[in-house]
Amino acid sequence: MALRTIREDGDEILRKRSREVVIDDITGEKIQSLIDDMIETMHNFNGVGLAAVQVGILKRVVVIDVEDGNGPYVFINPQIMKTKGEKECDEGCLSFPNQFGKVIRPTEVVVEFYDRNAKKKKIKAKDLLAQAISHECDHLEGILFVDKVLPGTLEYVTPEE
Ligand code: NI
């Protein structure tokens with residue numbers, strides 16, 4: 001495993017659409033080590049989620065860990081099939097290390113995806129997991145949380161020395 005460099009605010013790759021992973025490639029070494037590296041990188045920077053585009057790979061791979069005892073989750077080619085509810089959420093992003101704001105996210109999502117063993121799955125997620133899935137799926141389309149941040153709520157926090 002290895003830490004990967006996180007692409008930050010202003011890097012044009014963050015605006016690109018990520019491509020579907022070929023199902024037969026999921027269990028191959030390239031995608032498996034990408035997943036391992038993404039999990040390590042997310043944990044290292046205390047993130048809740050990370051999309052492959054954030055480490056410079058335009059593939060539809062997402063990792064999430066909301067510390068609910070079931071993670072880290074791996075979503076390959078995720079598709080949000082249904083959403084329910086709306087909630088004003090506090091949000092940040094590893095690509096915007098010092099920025100936080102409030103974003104409206106669904107309280108519940110139904111998502112279809114492939115897991116890292118190339119098994120097709122469908123889960124219903126709530127609360128923080130639903131928020132994270134919504135945020136990370138936006139990354140796959142080149143959409144960033146700052147696009148959706150509620151006016152006047154974006155804060156810049158000076159990093160600790
Ligand atoms: Ni993000």
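This passage walks through the metal site, cysteines, aromatic pairs, salt bridges and backbone features of a predicted model.

A good place to begin is the nickel ion. Three side chains coordinate the ion, namely Cys 93 through SG, His 135 through NE2 and His 139 through NE2, at 2.0 to 2.3 Å. Along the sequence these donor residues follow the spacing C-x41-H-x3-H. Cys 93 belongs to strand 4 (residues 87-93) and His 135 to helix 2, so the pair ties together parts of the chain that are 42 residues apart in sequence. Cys 93 and His 135 are both buried. Helix 2 itself covers residues 127-140.

The cysteines deserve a word of their own, since a reader may wonder how many disulfides a search of the whole structure finds. The count is 0. For Cys 89, the closest cysteine sulfur is that of Cys 93, and the two sulfurs are 14 Å apart, which is too far for a bond. Cys 137 tells a similar story: the closest cysteine sulfur to its own is again in Cys 93, at 14 Å, too far for a bond. A disulfide would need the two sulfur atoms within 2.5 Å. Cys 89 is buried, with 6% relative accessible area, and Cys 137 is buried too, at 13%.

Turning to the aromatic side chains, the whole structure contains 3 aromatic pairs. One of them joins Phe 75 and Phe 113 in an edge-to-face arrangement, with 4.6 Å from centre to centre and 65° between the planes. Phe 75 sits in strand 3 and Phe 113 in strand 6 (residues 108-114), so this contact ties together parts of the chain 38 residues apart in sequence. Phe 75 is buried at 1% relative accessible area, and Phe 113 also counts as buried, at 5%. Another pair brings together Phe 96 and Phe 145, whose ring centres are 5.7 Å apart and whose planes stand at 90°, so this pair is edge-to-face as well. Here the link runs from Phe 96 in strand 5 (residues 96-105) to Phe 145 in helix 3 (residues 145-148), so parts 49 residues apart in sequence are tied together. Phe 96 and Phe 145 are both buried. Tyr 73 joins Phe 75 and Phe 113 in one aromatic cluster.

Charged side chains add further contacts, with 14 salt bridges in the structure. Arg 60 takes part in more than one of the bridges described here. With Glu 20, Arg 60 forms a salt bridge at 3.7 Å from N to O. That bridge links distant parts of the chain, as Arg 60 is in the loop between strand 1 (49-51) and strand 2 while Glu 20 is in the segment before helix 1 (29-44), 40 residues apart. Arg 60 is buried, with a relative accessible area of 6%. Arg 60 also forms a salt bridge with Glu 141, and the closest N and O atoms of this pair are 2.5 Å apart. Glu 141 lies in the loop between helix 2 and helix 3, so its bridge to Arg 60, in the loop between strand 1 and strand 2, ties together parts 81 residues apart in sequence. In contrast to buried Arg 60, Glu 141 is partly exposed at 35%.

A further bridge is found between Lys 121 and Asp 115, with the closest N and O atoms 3.1 Å apart. Lys 121 counts as partly exposed at 38% relative accessibility, whereas Asp 115 counts as buried at 10%. Where salt bridges share partners, Arg 17, Glu 20, Arg 60 and Glu 141 are joined into one network.

The backbone has a few details worth a look. Gly 71 and Pro 72 are joined by a cis peptide bond, with omega about -5°. Pro 72 is placed in the loop between strand 2 (61-64) and strand 3 (73-84). Asn 77, in strand 3, has a positive phi near 50° although the residue is not glycine. Asn 77 counts as buried, at 8% relative accessibility. Asp 127, in helix 2, likewise is a residue other than glycine with a positive phi, near 50°. Asp 127 counts as partly exposed, at 48%.

Terms used: Residues numbered from 1 in each chain as written. Predicted model: local features only at pLDDT ≥ 70, side-chain atom pairs only at ≥ 80, totals over all residues. Heavy atoms only, no water. Buried < 20%, exposed > 50% of the residue type's maximum accessible area, 1.4 Å probe, protein only. Helix = DSSP H or I, 4+ residues; strand = E, 2+ residues; numbered from the N terminus. Phe/Tyr/Trp six-rings, centres within 6.5 Å; stacked < 30°, edge-to-face > 60°. Donors = N, O, S within 2.8 Å, 3.2 Å for Na, K, Ca; no water. Salt bridge = Lys/Arg side-chain N within 4 Å of Asp/Glu carboxyl O.
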